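Me: Let's go through this one together. I'll ask, you reason it out from the coordinates and finish on the answer.

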Amino acid sequence: MRRLVIILTISAVLIGVTAWVTSMEKVGVFDVFTWGDLANEARNHFWMVFVAVGIATGVGVLLAVLVTRPRFSKLATLVIGTGNVGQSIPSLALIAIMLPLLGLGFKSVIVALFIYGLLPILRNSYAGIRNIDPAVIESARGMGMSRLQIARKIELPLARPVIMAGIRISTIITVGTAELAVLVGGNGFGRITFTGVFAYEPLLILQGAAPTALMAIILGFMLELVERRITPRGLKVEA
Amino acid sequence: MRKLIPVALALVLAVVLVVTACGPPGAKQVTVGNKNFTEEYIIGQMMKQLLEDRGFNVSLTSGLSTTALRQGMESGDIDICADYTGTAWMIHLAHAYEPTGHNELYEMVKQEDAGNNFVWLDPMWNHNSYVLVSWAQFATDNEVETLSDLAALYQQEEGKITTYVDFEFSARPDGLPALEDSYNFEVDAAYLLTGVPGISTLGLENHECDVAMAFGTDAIIGKYGWHVYTDDLSFWPPYDLTPYVRAEVLDEYPEIEDILNELVATFPGGGEAATAEAVSECQQAWQALNARVDTDKLEPDEAAHEWLVQNGLIEE
């Protein structure tokens, strides 16, 4: 309950700041962005995050399932390690390096955001599956379930809350990182923020940064609700 | 743990020494600032190297945006920089622009900025204006010559022409929104790309857009023979690159004025009133200089050094 109040308060402040700056015609000699611009960049921003996290989810969960199979268990360190390295590259460098590799535009942005958002999902999925009580798997096998059935009906459902938490973390990180997309020919709220940086106008920076933060909070909250919804009843901690 | 204390102390001491380190006592210390594109990197280096040659201790703050540089000048963090007359008139002094000649605009800026304790030295008449450019093929295919023609094309295509500009241009009063108002067109938001300085011409080079913002003295325009749309409504003011100095610094070191005017005098029409020939020749001189960096891949400090040596301002 108290968390909800905090989230609502912060959201209200962020909306207020955005509305305040947008209602000005100019800050200094610079034009502020219109509501139309904001709506447009919100769409662009969300779309980037959606595509990148979507791909990261598919790849991350698949990889996690793969490396938790006994046959591929030796690959686990390698895969998780590679994911770790992906995220230890500074986000700005990762996006910038796409420029010579893939050129300007949406493609570069998505690849960079994907690499950056993959690790939380991969690591959580891996941990979620690994931490399932072996006795449960054992009994499933005893009931005559095939390997595929065990993965689909036992492992993934039991690991789902942890996987969802990974997706949520990845989404929140990606909303922030997507600010940088504009540096390699993408779009999104970064366009507004960086105009503020180059115009050296704090209010213009806020006009881009506040809605970005708002998007991260809203998406994070929504995914948290989903996370709670899909937790199997037996795993729910009684409040 | 105890062993660590002297190490930590030594580190702190080292940091303090480095931070507070000054040049030799009594040295003439000034800070030069420059903006974030080729021409500005070169002029910053020219001023730095020349002043150093004349006995100054110069620190250079490089890569600032227009407004950041101005704020640095106002706060006193930066003593000397070179900015454009049109930029000063419209951004720093926040005036609307009425068509004015090069000399008149320079005088207006010089006079008004004196009230802010800035002294504008002699200008270089290189008129490095914002321009919109396209591949020659695009201009020929669509029969567009001037910005008015281009505006008509935008209207016809409902703004669906991919256009690349930089961040400053997307918000400045001499930038895209005002240009759209003046020429009565609008770029569809989905077809508008915005980025860091220099990326718009990279976008055009890679055919990621049809129309790009550039600077009049950009070397890349000549390299590819890009079509530059004529500003037939005189929307843009003259943009003549001019060093200016904080008055207090000039009071302390009056010789700076002669030193930098000497540099300006190496350019066509430097130190004299602007004429059409002077503007065009000075523009070409700067295009060639920018090409040394953008095309020939020299570093800005090398290009600056080369110019200073060639013009006999400093020894090899």
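Me: Before we count anything, what does "buried" mean here?
Reply: Happy to pin that down, and keep in mind that this is a predicted model. A residue over 50% relative accessible area is exposed, and the range in between is partly exposed. Buried means under 20% relative accessible area.

Me: With that cut-off, what share of the residues of chain A counts as buried?
Reply: Chain A has 9 helices and 2 strands, in the order α-β-β-α-α-α-α-α-α-α-α along the sequence. Its C-alpha atoms fill a box of roughly 75 × 45 × 25 Å along the principal axes. Of the 239 residues of chain A, the buried share is 49%.

Me: Is A:Ala52 buried or exposed?
Reply: A:Ala52 sits in helix 2 (residues 35–67) of chain A. Leaving out neighbours within four places in sequence, A:Ala52 is in contact with A:Ile110, A:Leu113, A:Phe114 and A:Thr174. Its relative accessible area is 0%, which is under the 20% limit, so A:Ala52 is buried.

Me: How far apart in space are A:Ala52 and A:Arg71?
Reply: In sequence, 19 residues separate A:Ala52 and A:Arg71. In space, C-alpha to C-alpha, the distance is 29 Å.

Me: Which residue forms a salt bridge with A:Glu41?
Reply: A:Glu41 is in helix 2 of chain A, and its partner is 150 residues away in helix 8 (residues 190–199). A:Glu41 counts as buried at 1% relative accessibility, and the partner is buried too, at 5%. The closest N and O atoms are 2.4 Å apart, and the partner is A:Arg191.

Me: What about A:Arg228: which residue, 4 residues apart from it in helix 9 of chain A, is its partner?
Reply: Both residues lie in helix 9 (residues 202–230), about one turn of the helix apart. A:Arg228 is partly exposed at 48%, whereas the partner counts as buried at 12%. The closest N and O atoms of this salt bridge are 3.1 Å apart, and the partner is A:Glu224.

Me: Over in chain B, what is the N to O distance between B:Lys48 and B:Glu52?
Reply: Both are in helix 2 (residues 38–53) of chain B, and being 4 residues apart they are separated by about one helical turn. B:Glu52 is partly exposed, with a relative accessible area of 33%. Their side chains meet in a salt bridge, and the N to O distance is 3.3 Å.

Me: How many salt bridges does the rule find across the interface of chain B and chain A?
Reply: Over all chains the structure holds 21 salt bridges. The two chains bury about 2000 Å² between them, 64% of it on carbon and sulfur atoms. The contact takes 28 residues from chain B and 20 from chain A. Across that interface, the number of salt bridges is 0.

Me: And how many residue pairs are in polar contact there?
Reply: That count takes pairs with both residues at pLDDT 80 or more. Between chain B and chain A, the number of residue pairs is 4.

Me: Where is B:Ser65, a residue that touches A:Val197, A:Phe198 and A:Tyr200?
Reply: Besides those chain A residues, B:Ser65 touches B:Asn36 and B:Glu168, not counting residues up to four places away in sequence. B:Ser65 counts as buried at 6% relative accessibility. Its place is the loop between strand 2 (56–64) and helix 3 of chain B.

Me: Which helix of chain B gives the most to the largest nonpolar core?
Reply: That core has 87 residues, and B:Met46, B:Leu51, B:Leu179, B:Ile256 and B:Trp286 touch the most other members. The top contributor gives 7 residues, and it is helix 14 (residues 276–294).

Me: Which residue just after helix 9 of chain B takes a positive phi?
Reply: In helix 9 (residues 176–183), B:Leu176, B:Ala178, B:Leu179, B:Glu180 and B:Tyr183 are buried. What covers them includes strand 5 (130–134), helix 7 (147–156) and strand 6 (163–166) of chain B. Just after the helix, phi is about 60°, and the residue is B:Asn184.

Notes
Residues are numbered from 1 along each chain as its sequence is written. Chains are lettered from A and ligands numbered from 1 in the order in which they are written. This is a predicted model: local features need pLDDT of at least 70, side-chain atom pairs count only at pLDDT 80 or more; totals for chains, interfaces and linings use all residues. Side-chain values use heavy atoms; hydrogens and water are left out. Contact means heavy atoms within 4.5 Å. Buried area is the accessible area (1.4 Å probe) that two parts lose on being put together, summed over both. A salt bridge is a side-chain nitrogen of Lys or Arg within 4 Å of a carboxyl oxygen of Asp or Glu. A polar contact is a pair of N or O atoms within 3.5 Å; within protein, one must be able to donate a hydrogen and the other to accept it, and residues adjacent in sequence count only if both atoms are side-chain atoms. A nonpolar core is a set of buried Ala, Val, Leu, Ile, Met, Phe, Trp, Tyr and Cys residues joined through side-chain atoms within 4.5 Å. Buried means under 20% relative accessible area, exposed over 50%, partly exposed in between (1.4 Å probe, protein chains only).
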